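Please open the model in your viewer and keep the selection panel at hand. The tour below goes from one selection to the next and says what is found at each stop.

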Amino acid sequence: MLCEVLSLDPFVEDADRGDVAAAFAGTDLAPAHQPAEAAAEPDPRFDAAFDRVRAVGDTLAETSTRDGVEQRTCAALVEGDAYEFAWIARHSGGTLHAETHAGAADATVDVAADDGAVAQALASGEVRATNDVHGDAAFADWRAPADEAEFSAAATVPVDDGETTYGVLGVGVDGTISDRERDLLADLGQRVGRTVTVVQQRQLLLADTVLELAFETTGDESFFAAVAAEHGCTFELDGVVPGEEGALLYFVRLSGASAETVLSWAADQPAVVDGRLVRDYGDESLLELGVAGADVAKVLADRGASVRKVTATPAEQRVVVDVTTDTDVRSLVAAVTDAFPDAELVSKRERDRPDETSAAFRASLHESLTDKQASVLRAAYHAGYFEWPRGSTAEELADAIGITSPTLHNHLRRAQQKLLTAFFAEDDVGRGGVEWPDD
């Protein structure tokens with residue numbers, strides 16, 4: 001098993017100040033030292049905040065654990081002149097725990113209050129800020145740390161990746177917080193959240209032990225449960241990859257109903273963006289289904305779980321996923337049951353991964369592949385692109401993933417080259433001049 005700390009550079013974009021400024025040009029986030037048409041007046045306060053946010057981005061690219069993400073974020077924020085105090089409260093077990101802070105050794109904030117700024121930020125999903133900690137009732141719990149760290153303004157920022165809320169980032173400011181800085185902090189919270197998602201996915205890839213969760217639902221709110229009940233058929237997952245515009249591309253084996261009937265029905269469902277027959281095996285069919293709407297597996301995948309198994313029969317749908325051992329299972333279950341009231345967690349167990357050599361090889365390959373290359377390679381594999389005769393053409397694959405055919409070939413060739421390089425580079429080590437045996 002790989003044990004060294006690996007860089008997140010392939011996963012987290014590391015734009016320089018010019019790139020970020022160009023991205024914000026023409027918006028309310030344009031830094032104050034840009035030309036007059038982009039910002040009318042100098043704003044040293046915002047410039048200082050902008051530099052600290054950029055510094056956080058730089059350090060996140062080199063972080064490989066969630067603890068590291070939180071610690072480095074807080075440390076980077078207080079290193080300059082913009083922030084006197086920073087902390088991150090982690091959402092775990094349905095409650096918040098303030099575990100990381102910087103800027104004042106003994107300062108703490110009570111994050112458990114139901115009606116304070118922290119709760120308001122979580123409930124609204126938006127930044128809650130004040131320029132008067134002592135006069136704003138929502139920031140009553142901030143007054144002691146404000147006196148200790150000498151700040152008068154503060155903000156609470158949701159930390160999320162668009163799907164999962166990981167907690168809240170808090171900052172204390174000796175000055176005022178403008179609307180532009182509020183927007184900048186909102187963007188920072190999302191970037192930190194996305195980085196947490198990435199490091200947890202990588203930890204899942206590298207882990208010797210994972211937590212296996214199994215969910216079952218008998219309702220028809222989940223897509224695969226609905227289609228199986230409607231047609232008296234059975235589905236079994238072959239593989240799943242990211243699709244176009246947030247959809248998941250499922251490759252599933254269908255038995256008990258004709259592919260034509262199921263695809264015709266699926267085409268009228270709002271959850272389905274695309275579907276086609278990949279191969280007909282006689283007693284069963286391999287279907288490709290792009291699902292963007294309600295399904296238990298999609299809810300779990302959107303929150304960082306690795307989907308291992310999906311089966312659906314006329315009686316129930318069962319989804320088995322792997323998550324890291326430090327995952328907030330209670331929050332994950334709540335997300336599933338909120339969307340599907342009939343769903344329940346039926347098993348939870350730790351599972352060892354016995355094949356360390358294979359895990360190390362997969363981790364090494366994952367490190368070298370871009371997300372798009374990995375998706376294209378996996379989709380091509382499950383769609384029968386490498387079989388003879390082929391189960392899918394390049395044009396069909398490209399259409400399903402939402403890219404052009406030349407772009408697909410480019411990603412596929414590069415992915416194949418990296419796969420072969422990883423395989424043969426490992427295989428050739430120590431061979432020297434030894435001849436290959438005859439067949």
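A nonpolar core, as the term is used here, is a set of buried Ala, Val, Leu, Ile, Met, Phe, Trp, Tyr and Cys residues joined through side-chain atoms within 4.5 Å, where buried means under 20% relative accessible area. The model on your screen is a predicted one.

**The cores**

Begin by selecting F223, F224, F235, Y250 and L300, which have the most contacts inside the largest nonpolar core, a set of 44 residues. Keep Y250 highlighted and show its surroundings: setting aside residues up to four places away in sequence, Y250 touches F224, L237, G239, V240, L287, E288, L289, V291, D295, A297 and K298. A second core, separate from the largest one, has 33 residues, and V53, C74, L77 and A129 are among them. As a general background to both selections, nonpolar side chains in soluble globular proteins tend to be buried together.

**Helix 7**

Next, select residues 223-231, which form helix 7, a mostly covered helix in which 7 of the 9 residues are buried. The buried residues of helix 7 are F223, F224, A225, A226, V227, A228 and H231, and F223 and F224 have already appeared in the list for the largest core. Step past the end of helix 7 to G232, where phi is positive, near 60°.

**The sheet**

Now switch to a cartoon view and look for the open sheet of 8 strands, whose order is 9-10-8-7-11-12-6-13, with antiparallel pairing. Its edges are strand 9 (272-280) and strand 13 (344-352), each of which pairs on one side only. From one strand to the next, the twist averages 20°. Add helix 13 (residues 394-401) to the selection, since this helix packs on the sheet and touches strand 8, strand 9 and strand 10 (285-291), with its direction at about 155° to that of strand 9.

Within the sheet, centre the view on strand 8 (residues 248-255), which is joined to strand 7 (residues 234-242) by 8 bridges, the two running antiparallel. To see this pairing at the level of single residues, select V241, which stands opposite L249 in strand 8. Strand 8 is also joined to strand 10 by 7 bridges, again in an antiparallel arrangement, and here the bridge partner of L254 is S285 in strand 10. Strand 8 is mostly covered, with 6 of its 8 residues buried.

**Helix 3 and a cavity**

Move on to helix 3 (residues 66-78) and pick T73, which is placed in this helix. Is T73 buried or exposed? T73 counts as buried because its relative accessibility is 0%, and the cut-off for that class is under 20%. Apart from neighbours within four places in sequence, T73 is in contact with V56, L60, I88 and V192.

Finally, turn to the cavities, of which 2 have a volume of 30 Å³ or more. Select R66, E70, I88, A89, R90, V159, Y166, G167, V192 and V196, the residues that line the second largest cavity, whose volume is about 50 Å³. Helix 3, strand 1 (85-92), strand 5 (165-173) and helix 6 (179-206) each supply at least two residues of this lining, and strand 1 gives the most, with 3 residues. I88 and V192, which belong to this lining, were also met as contacts of T73.

Conventions:
Residues are numbered from 1 along each chain as its sequence is written. This is a predicted model: local features need pLDDT of at least 70, side-chain atom pairs count only at pLDDT 80 or more; totals for chains, interfaces and linings use all residues. Side-chain values use heavy atoms; hydrogens and water are left out. Buried means under 20% relative accessible area, exposed over 50%, partly exposed in between (1.4 Å probe, protein chains only). Contact means heavy atoms within 4.5 Å. Two strands pair if DSSP finds at least two bridges between them. Helices (H or I, at least four residues) and strands (E, at least two) are DSSP runs, numbered from the N terminus. Axes are lines fitted to C-alpha atoms, for helices over the stretch in contact, and angles run from 0 to 180 degrees between N-to-C directions. On a 1 Å grid over the protein atoms alone, a cavity is a set of points where a 1.4 Å probe fits but cannot get out, and a pocket is an open set with protein on both sides within 12 Å along at least five of seven lines; lining residues have an atom within 4 Å of a point. Grid points are joined across faces, edges and corners, and a volume is the space filled by probe spheres set on the points.
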